[in-house]
Each structure stands twice: as C-alpha cells, then as structure tokens.
Amino acid sequence: PKLFLFDEPLSNLDAALRSEMRVEISKLHKKLSSNIVYVTHDQVEAMTLADKIVIMNKGKIEQYGSPDEIYNNPQNIFVAEFIGNPKMNILKIPSSDIIDNNSIKLFDKTVQFENVELRGDIYIGFRPEDISLDKNSEIFTKINIDLLENLGSEKIIYGNLNGKEIRVKTTKNITDKNIIIYLPKNKIYLFDKDKNRLKKWVLTR
C-alpha cells in the first residue's frame, strides 16, 4: 500500500507496552519508507512518531507543522495547551492591567513590549519546563504549593496563584510549602482576546 491508516492503535495497551510499540512502529516506518496517517489523542505518540502533525479541534485544522514548530510556535491557546506535559500555563490579563497599549501589569510588575499593540483582554502563556526556581529574571512571583508529584528525575509542582493553578516542572528537591518562580523573558507567549497568538513582539523591559 502507498498509504497506511493507524487509528489509535495503542490506546488499549498498558504504558510499558505502548512505549515499546512506539519504538517498533517508528522502526517499521523507516523500514517501509511509506506514508502513514496516524490518529491519536496521545501527544507523546504524536511528538515522537510524526514528521508532520495536524492538530484538529471539532473537525477544524488548528495548526499543521513539524513537532518542533507545533511545540515552539503554537498558533493559538488550544494548540499551546494540547502539546506539552504538563500543559502550558495560561493567565488572563484583563484590559485594566494593560498600560499604554504596549505594557502589562504582571505579578505587580510592569512588563513592556515593542512591535505589538495590546487591546482588550489578552492572555500570557509560559510552559512549566521554562519556569526557573533560580533568580534569573525580573519577572517573578510567589506561589503556594498544593501538590507535588515526584517522578524521580523530575518533579511536577501544582501551585496556586490567586486562585489560578500554576504548573512547574523542575529537577530540584522541594521542601517548602511556597516557592518563588521566575519567568525567562524569551519564553513568554502572548495571545489576543480571541486566544490567537501574537507574534513578532519584543520584550523591552
């Protein structure tokens, strides 16, 4: 066949067998050098097996691209939250916290942008793995820890910031009930009021 369709072939397998079969399917794909349309709700399968990913939402194509493109340059909040584990943190910035159409109030600090005009409510996103617990940015805040998942080589922190859940991925050992998190400037994502990505902006302060 010139084209194979795999419709969620691993969904009923246990975790260990799914991991083995991902490797086997990947080897088979390289051996056959054929085209495979692989349907899955598992982002790990999509990221590890695909050359190109089509992310769909209610029958509509939200974004098409390589795994790296999808992960690093999501077109909207749906894609941003779909790819990544834990999913991207999204905070709503109300219009009352927008200053002069190019600055926002974030964690009681003024963050200024260039090459973008901010209107109405907007959203800011940042991935759990991009958050640092070491002082490396002027953008920081304290969060209370609700839950800590110990995965051995890394920890997943579920914190609370003014009623909003914040997820942090770290390799550090955590013993405190609250921590200070730092957001690297080059790892911030902006989305407009319709939850579409704002691009080509520059963070100046």
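A search of the whole structure, which is a predicted model, finds four aromatic pairs. One of them joins F78 and F82 in a stacked arrangement, with 6.2 Å from centre to centre and 15° between the planes. Both of these residues belong to helix α4, which covers residues 77-82, and they stand four residues apart, about one turn of the helix. F78 has a relative accessible area of 31% and is therefore partly exposed, and F82, with a relative accessible area of 31%, is likewise partly exposed.

Another pair, formed by F140 and Y182, is tilted, with 5.5 Å from centre to centre and 40° between the planes. Because F140 lies in strand β10 and Y182 in strand β13, this pair ties together parts of the chain that are 42 residues apart in sequence. The partners differ in burial class: F140 counts as partly exposed at 30% relative accessibility, whereas Y182 counts as buried at 10%. In addition, F4, F6 and Y38 form one aromatic cluster.

The two pairs described above can be set side by side.

| Aromatic pair | Arrangement | Centre to centre | Between the planes |
|---|---|---|---|
| F78 and F82 | stacked | 6.2 Å | 15° |
| F140 and Y182 | tilted | 5.5 Å | 40° |

**The chain as a whole**

The secondary structure of the protein chain comes to four helices and 16 strands, and the C-alpha trace spans about 60 × 40 × 25 Å along its principal axes. Of the 205 residues in the chain, 39% are buried. The chain exposes about 12300 Å², of which carbon and sulfur atoms supply 47%. When contacts between residues at least 6 apart in sequence are considered, 59% of them join residues at least 24 apart.

**An open sheet and a hairpin**

Strands β10 and β13, which carry the tilted aromatic pair, also belong to a sheet. Four strands form this open sheet in the order β12-β11-β10-β13, and the pairing is antiparallel. Strands β12 (164-170) and β13 (178-182) stand at the edges with a single partner strand each, so one side of each is left without a neighbour in the sheet. Neighbouring strands here are turned by 45° against each other on average, if direction is ignored. Within the sheet, β10, made of residues 140-150, pairs with β13 in the antiparallel sense over five bridges, and T141 has I181 as its bridge partner in β13.

Elsewhere in the chain, strand β3 (residues 53-57) and strand β4 (residues 60-65) also pair in the antiparallel sense, over five bridges. In this pairing, I53 stands opposite G65 in β4. The hairpin of β3 and β4 has two residues between the strands, and K58 takes a positive phi near 55° there.

I53 is also one of the residues touched by M47, a list that further holds P67, Y71 and I83 when residues up to four places away in sequence are not counted. M47 lies in helix α2, which covers residues 43-49, and counts as partly exposed because its relative accessibility is 26%. Although M47 and D68 are 21 residues apart in sequence, their C-alpha atoms are 8.3 Å apart in space.

**Nonpolar cores**

In soluble globular proteins, nonpolar side chains tend to be buried together. In this model, the largest nonpolar core holds 29 residues, and those that touch the most other members are I104, L106, L118, I166, V168, I179 and I181. Several strands contribute to this core: β5 (89-93), β7 (103-106), β8 (109-114), β9 (122-126), β10, β11 (155-161), β12 and β13 each supply at least two residues. Among these contributions, that of β9 is the greatest, with three residues.

Which residues does I166 touch, not counting those up to four places away in sequence? The contacts of I166 are N89, L91, F126, I131, I143, I157, Y158, G159, L161 and I181. A second core, separate from this one, has seven residues, including I77, A80, Y123 and F191.

Terms used: Residues are numbered from 1 along each chain as its sequence is written. This is a predicted model: local features need pLDDT of at least 70, side-chain atom pairs count only at pLDDT 80 or more; totals for chains, interfaces and linings use all residues. Side-chain values use heavy atoms; hydrogens and water are left out. Two strands pair if DSSP finds at least two bridges between them. Axes are lines fitted to C-alpha atoms, for helices over the stretch in contact, and angles run from 0 to 180 degrees between N-to-C directions. A nonpolar core is a set of buried Ala, Val, Leu, Ile, Met, Phe, Trp, Tyr and Cys residues joined through side-chain atoms within 4.5 Å. Buried means under 20% relative accessible area, exposed over 50%, partly exposed in between (1.4 Å probe, protein chains only). Contact means heavy atoms within 4.5 Å. Accessible areas come from the Shrake-Rupley method with a 1.4 Å probe; for residues, only the protein chains shown count as cover. Rings of Phe, Tyr and Trp (its six-membered ring) pair if their centres lie within 6.5 Å; planes under 30 degrees apart count as stacked, over 60 as edge-to-face and the rest as tilted.
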